[in-house]
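This report looks at charged pairs, nonpolar packing and aromatic pairs in one protein chain. The sequence and the model are shown first.

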Amino acid sequence: MTLTTNKRAYLEKLSRQGIISALAFDQRGALKRMMASHQTEEPTIEQMETLKVMVSEELTPYASSILLDPEYGLPATKVKATEAGLLLAYEKTGYDATTTSRLPDCLVDWSAKRIKEAGADAVKFLLYYDVDGDRSVNDQKKAYIERIGSECKAEDIPFFLEILTYDETIADNGSLAFAKVKAHKVNEAMKVFSDDRFGIDVLKVEVPVNMKYVEGFAEGEVVFSKEEAAQAFKDQEAASHLPYIYLSAGVSAQLFQETLVFAAESGAKFNGVLCGRATWSGSVPVYIEEGEEAARQWLRTEGFKNIDDLNKVLEKTASSWVEKVEG
């Protein structure tokens with residue numbers, strides 16, 4: 001792929017030596033649910049903003065960049081470490097659960113231009129995609145991504161597309177049924193959106209295997225041998241010429257780190273991570289039950305350990321995106 005001078009400079013701001021070790025805290029609906037599970041009243045805007053500020057202030061000195069949302073995350077953009085890059089999310093949170101289409105929608109009062117003006121070094125958009133789903137629905141999704149890609153091209157700012165795969169006929173993505181088709185869903189979706197017409201610079205993707213069903217990782221039923229899982233990672237590497245980074249998908253910090261090691265050993269030349277809940281989620285109950293200072297202390301100890309351990313794993317496993325670009 002070819003990068004403009006500006007896009008390359010932005011990507012360098014988001015990286016350390018070509019590795020993206022980014023902290024993801026653009027959760028909105030998921031964060032509300034997490035907070036609500038530890039208190040009786042509805043989480044407030046102030047609570048959400050305060051937690052995002054604390055995480056940004058305490059952990060961005062150890063991350064190459066942070067992903068935030070414009071709805072609750074703007075105060076957190078003001079306190080991040082100066083050397084850390086910034087991504088801002090462009091999508092509305094969640095999707096309509098009454099339909100299988102999971103059509104995307106942008107935040108109505110934001111644009112790639114406004115995201116850039118807010119100080120972001122990249123635009124991030126989340127897309128739910130079933131490669132085997134309804135063709136007319138997928139055509140709408142492709143057109144939507146083309147529009148955002150054109151916006152980012154006009155603003156000369158990197159476009160990160162986050163793809164969350166699903167199957168229209170399987171309700172639970174954590175199920176064995178979905179585990180059996182996950183590699184196909186993830187890798188084929190990567191092939192689709194690697195086309196130049198979409199203008200994507202970095203893909204943010206799932207690992208292609210549910211590791212809880214893999215030999216050596218499973219605590220219960222083993223469905224995939226290590227060789228079969230390794231092949232899924234090899235196929236993922238072959239699926240795209242674009243830089244790609246992994247999302248943690250809410251798994252534990254330890255499992256995510258072990259998965260990265262396995263991915264690299266299997267031949268995946270991934271270019272970093274955008275890791276969210278595996279890093280900071282433990283601060284949520286502490287913040288609600290014990291207060292702000294206790295939460296900060298958690299972030300300075302357990303949160304720091306999570307991100308520091310992850311960075312050490314990335315040093316040994318991730319590849320520089322510079323190897324995949326020109327210009």
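With which residue does Glu162 form a salt bridge, and how far apart are the closest N and O atoms? In this predicted model, the partner of Glu162 is Lys204, and the closest N and O atoms are 3.4 Å apart. Glu162 belongs to strand β5 (residues 159–165) and Lys204 to strand β6, so the salt bridge ties together parts that are 42 residues apart in sequence. Both Glu162 and Lys204 are buried. Through shared partners, salt bridges join Asp26, Arg28, Glu71, Glu91, Lys124, Glu162 and Lys204 into one network.

**Salt bridges**

The whole structure contains 23 salt bridges. Three of them are listed here.

| Acidic residue | Basic residue | Closest N to O distance |
|---|---|---|
| Glu91 | Lys124 | 2.7 Å |
| Glu146 | Arg197 | 2.7 Å |
| Glu162 | Lys204 | 3.4 Å |

Glu91 and Lys124 form a salt bridge that links distant parts of the chain, 33 residues apart: Glu91 is in the loop between β3 and α5 (112–117), and Lys124 is in strand β4 (residues 122–129). Glu91 has a relative accessibility of 4% and therefore counts as buried. Lys124 is buried too, with a relative accessible area of 1%.

The setting of the salt bridge between Glu146 and Arg197 can be described in the same terms. Glu146 sits in helix α6 (residues 135–155) and Arg197 in the loop between α8 (182–193) and β6 (202–205), so this pair ties together parts that are 51 residues apart in sequence. Glu146 is partly exposed at 22% relative accessibility, whereas Arg197 is exposed, with a relative accessible area of 54%.

**A buried lysine without a salt bridge**

Lys80 lies in the loop between α4 (74–77) and β3 (85–89). Which side chain of opposite charge is nearest to Lys80? It is Asp121, 5.5 Å away. A salt bridge requires a side-chain nitrogen within 4 Å of a carboxyl oxygen, so a separation of 5.5 Å does not qualify. Lys80 is thus buried yet has no salt bridge. Its side chain does reach the backbone oxygen of Ala84, at 2.5 Å. Not counting residues up to four places away in sequence, Lys80 touches Ser56, Thr60, Ile66, Gly85 and Leu86.

**Nonpolar cores**

The largest nonpolar core has 101 residues, and those with the most contacts inside it are Ile145, Leu161, Phe193, Leu203 and Tyr246. Helix α13 (residues 292–317) gives the most to this core, with seven residues. A second, separate core has five residues, among them Leu126, Tyr128, Tyr166 and Leu247. Leaving aside neighbours within four places in sequence, Ile145 is in contact with Phe125, Leu127, Phe159, Leu161, Phe193, Phe198 and Ile200.

**Aromatic pairs**

The count of aromatic pairs is twelve. Tyr244 and Tyr246 form an edge-to-face pair, 5.8 Å centre to centre with 75° between the planes. Tyr246 also pairs with Phe270 in a tilted arrangement, 5.0 Å centre to centre with 45° between the planes. Tyr246 is in strand β7 (residues 244–247) and Phe270 is in the loop between α10 (253–265) and β8 (272–275), so this pair ties together parts that are 24 residues apart in sequence. Tyr244 and Tyr246 are both buried, and Phe270 is buried as well. Ring pairs link Phe217, Phe233, Tyr244, Tyr246, Phe262 and Phe270 into a cluster.

Methods: Residues are numbered from 1 along each chain as its sequence is written. This is a predicted model: local features need pLDDT of at least 70, side-chain atom pairs count only at pLDDT 80 or more; totals for chains, interfaces and linings use all residues. Side-chain values use heavy atoms; hydrogens and water are left out. Helices (H or I, at least four residues) and strands (E, at least two) are DSSP runs, numbered from the N terminus. Buried means under 20% relative accessible area, exposed over 50%, partly exposed in between (1.4 Å probe, protein chains only). Lys and Arg count as positive and Asp and Glu as negative; His and the chain ends are not counted. A polar contact is a pair of N or O atoms within 3.5 Å; within protein, one must be able to donate a hydrogen and the other to accept it, and residues adjacent in sequence count only if both atoms are side-chain atoms. Contact means heavy atoms within 4.5 Å. A nonpolar core is a set of buried Ala, Val, Leu, Ile, Met, Phe, Trp, Tyr and Cys residues joined through side-chain atoms within 4.5 Å. Rings of Phe, Tyr and Trp (its six-membered ring) pair if their centres lie within 6.5 Å; planes under 30 degrees apart count as stacked, over 60 as edge-to-face and the rest as tilted.
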